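Me: Hi! I'm new to protein structures and would like some help reading this one. Can we go through it together, feature by feature?

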Amino acid sequence: MSAGIDLENVSCDFGTFRAVDHANVSIKPGEFFSFLGPSGCGKTTILRMVSGFIEPTQGVIRIGGKDMRGQRPNQRPTALIFQNLALFPLMSIWENIAFGLEVRGVDKATRRAKAEELLRLVDLPGAADKMVSQLSGGQKQRVAIARALAVEPQVMLLDEPLSALDLKLRQHMRAELRAIQKRTGVTFIYITHDQGEALAMSDRVGVMSHGRIQQIADPRDIYNNPVNGFVASFVGENNVFEGDLGAVSDGMATLSTPHGQFRARINAGVSGKGVKLYVRPEHTIISAAAPPENGVHGTVHEVSFEGAFIAVHAVSDSGMKMVAELRNDGSQVVPAIGDQVWMGFDAQRAAILPDADTKR
Amino acid sequence: MQDLIRRYGLGLTGLMCLIVAFWLLMLVIIPNITLFESSFRPYLPVTEIGGPRDTYSFDNYLKVFDGSIETTFLGIPITVPVHVMTFFLTIWYSVVVTVICFALAYPIAYYMAKIVNPRSLPTILLLLFVPLWVSEVLRAFAWWIILAFKGPLNSLLLFIGAIDKPVRWITDYDAVMIGLVYTYILFMLFPLYNAISSLDTNQIEAAEDLGAPWWKIHWRIVLPHAKPGVASGSVMVFMLSAGSLLVPSILGSTTSQWFTQTIQQWMNDALDWNTASAYAFLLLFLCTLFVSVVMWIFRVKLSDIAK
Ligand SMILES: Nc1ncnc2c1ncn2[C@@H]1O[C@H](COP(=O)(O)OP(=O)(O)OP(=O)(O)O)[C@@H](O)[C@H]1O
Ligand SMILES: [Mg+2]
């Protein structure tokens, strides 16, 4: 059983401060949806509104099509996993997991059996009688997930559940969470400020900044076709050129900058002076000869080996720092420090984008 | 210690230690030992002190079993020594005072710790402390006036129509309990407040999110967490109530007698300090025993309370 969630024009004010501003999103049943954004952008606030701890200042939240106004958290079909997990330290692991069943009046034997079953699901058999303090970070994580699943929620809400774990465990738990979501078919709303996490796990991602949802799309689209400069820079690296817009036709435009004349794709709503062009380092090409268009001449001042790729840092003759990432498969010639090179990019791979959407 | 010497110098540190030692020895240890020793000796005319009849015995302690009275317990008529009866009533009403204090302080402590806006907390604390600026004697007298048969409380209740004829408040142990609750409730409130405010609010929310109704949240999450606070608050209120002399003396009725009043009567009326000391140690010992048994039943450890 899983339910879809609809946010219609949802805003939330704390005093005069607007933490969430006109959020509109429709999450499908069984979807793994992530909210991605920097600290303080309103992610937790959205989650607390869905789970019922905060009432929206305006707008409607529907779960499974049902208006949730006035419904307390204990009346909603959601289960929240807190940023700090909030396990009950005075109860054993199985009592923690079975707490939701206990309050529903399920008898002890059934509770215990259900807890054991969930412990197997989250790959933690044999921990039933331990205390919370005896578990490691990753194990606590699993207990929190099992405790939330025990009440058979239609929607699971996860607030940065992996942020306290070390890198290896985090990557392992990503796959685990995704597998649990697939197995149970429950709708997951996942919150994170880690773009890698959001892109790797989600069916769709909503990128947020300053209380506004900037873009909702699947991970590829978010990365390849960001709608604005904020999304482009939050989900990856860019070389950014700023200049004045020239002729626009067929979705392509020219931009005159102090570093040269460039041609790139352009999004609707961009015009005038001081606009920015974004191109990813892996789409930046290094060559000895000048490219037919979008070329910048410069000097290599650092080459760093990153394993899967090689980052070439160069400074253009006009004084701009740029990065290009070359695949480490021998197909490209790696320049040396001090080399004179041309850097360029395909016009289709670069985009002229507006700044973040902050209008009220 | 080394830290103290470094901070205040050897002279000042030595002086401080000396003062504390003097206070402990002269005002706490020696008086107690003297009373303890004299509690085993008979009350004799001055000329016979140190004479052949001045020997150690438990006689003073056994005086609690003298002089029986008829009473009923659960409808069954029984005969009990009058001082034993006083002792049990003192314990019983101290327990009632402790329970009432808990019942009143818990919601207030929870409200202060988890609900109220932290910015208005100093105001609330100030309001709670204001009564303490007045001496305990005056506060007890104030209650005596408030609760009087023709006093302000009855007038007010008659005026708003809550009662249709005046209530006699200062009867049996009623006024004593009101006074004790009023005097000692803060000793319950603050340990509870401390214990509850150390509970992570997310735990309360997690319980609610999992579907728990409000009473279940308190029963399973807040109360177990606050248990050390409940224990230390209860021990303090119970011990202070059972040992209180002022409130039962001022607010007592003709039918109320507190064990401390019995001690005082031995001391002031009978001038038998030996028996008075014996009774005082009896009260101390039995109350400590009672508290230990209750703590053992509720599985509270001494170290929990110290936290
Ligand atoms: N109860 C509150 N009262 C006032 N302001 C609040 C309250 N809760 C959150 N805020 C503010 O709302 C904004 C969004 O907070 P929120 O907790 O949703 O951020 P977040 O995106 O979850 O950040 P993080 O990644 O750091 O957890 C923040 O600027 C915060 O200061
Ligand atoms: Mg947050």
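**Charged pairs and a sheet**

Reply: Let's start with one residue: A:R62 is partly exposed, with a relative accessible area of 25%. Keep in mind that this is a predicted model.

Me: Okay, so which side chain does A:R62 meet in a salt bridge?

Reply: The general idea goes like this: side chains of opposite charge can pair when their charged atoms come close. Here, A:R62 pairs with A:E8, at 3.1 Å from N to O. A:E8 sits in strand 1 and A:R62 in strand 4 of chain A, so the salt bridge ties together parts that are 54 residues apart in sequence. A:E8 is partly exposed too, at 33%.

Me: How many salt bridges are there over all chains?

Reply: A search of the whole structure gives 27. One of them, in chain B, links B:R6 and B:D3 at 3.0 Å. Those two are three residues apart in helix 1 of chain B, about one turn of the helix. B:R6 is exposed at 67%, while B:D3 is partly exposed at 38%.

Me: Now the strands. In what order do the five strands of the open sheet in chain A come?

Reply: Generally, strands of a sheet pair through backbone hydrogen bonds, either parallel or antiparallel. In this sheet the order is 15-19-16-17-18, with antiparallel pairing. Strands 15 and 18 stand at the edges with a single partner each, so one side of each has no neighbour in the sheet. From one strand to the next, the twist averages 45°.

Me: How many bridges join strand 17 to strand 18 of chain A?

Reply: Seven, and the two strands run antiparallel. As a spot to look at, A:V315 stands opposite A:K321 in strand 18.

Technical notes. Residues are numbered from 1 along each chain as its sequence is written. Chains are lettered from A and ligands numbered from 1 in the order in which they are written. This is a predicted model: local features need pLDDT of at least 70, side-chain atom pairs count only at pLDDT 80 or more; totals for chains, interfaces and linings use all residues. Side-chain values use heavy atoms; hydrogens and water are left out. Two strands pair if DSSP finds at least two bridges between them. Helices (H or I, at least four residues) and strands (E, at least two) are DSSP runs, numbered from the N terminus. Axes are lines fitted to C-alpha atoms, for helices over the stretch in contact, and angles run from 0 to 180 degrees between N-to-C directions. A salt bridge is a side-chain nitrogen of Lys or Arg within 4 Å of a carboxyl oxygen of Asp or Glu. Buried means under 20% relative accessible area, exposed over 50%, partly exposed in between (1.4 Å probe, protein chains only).
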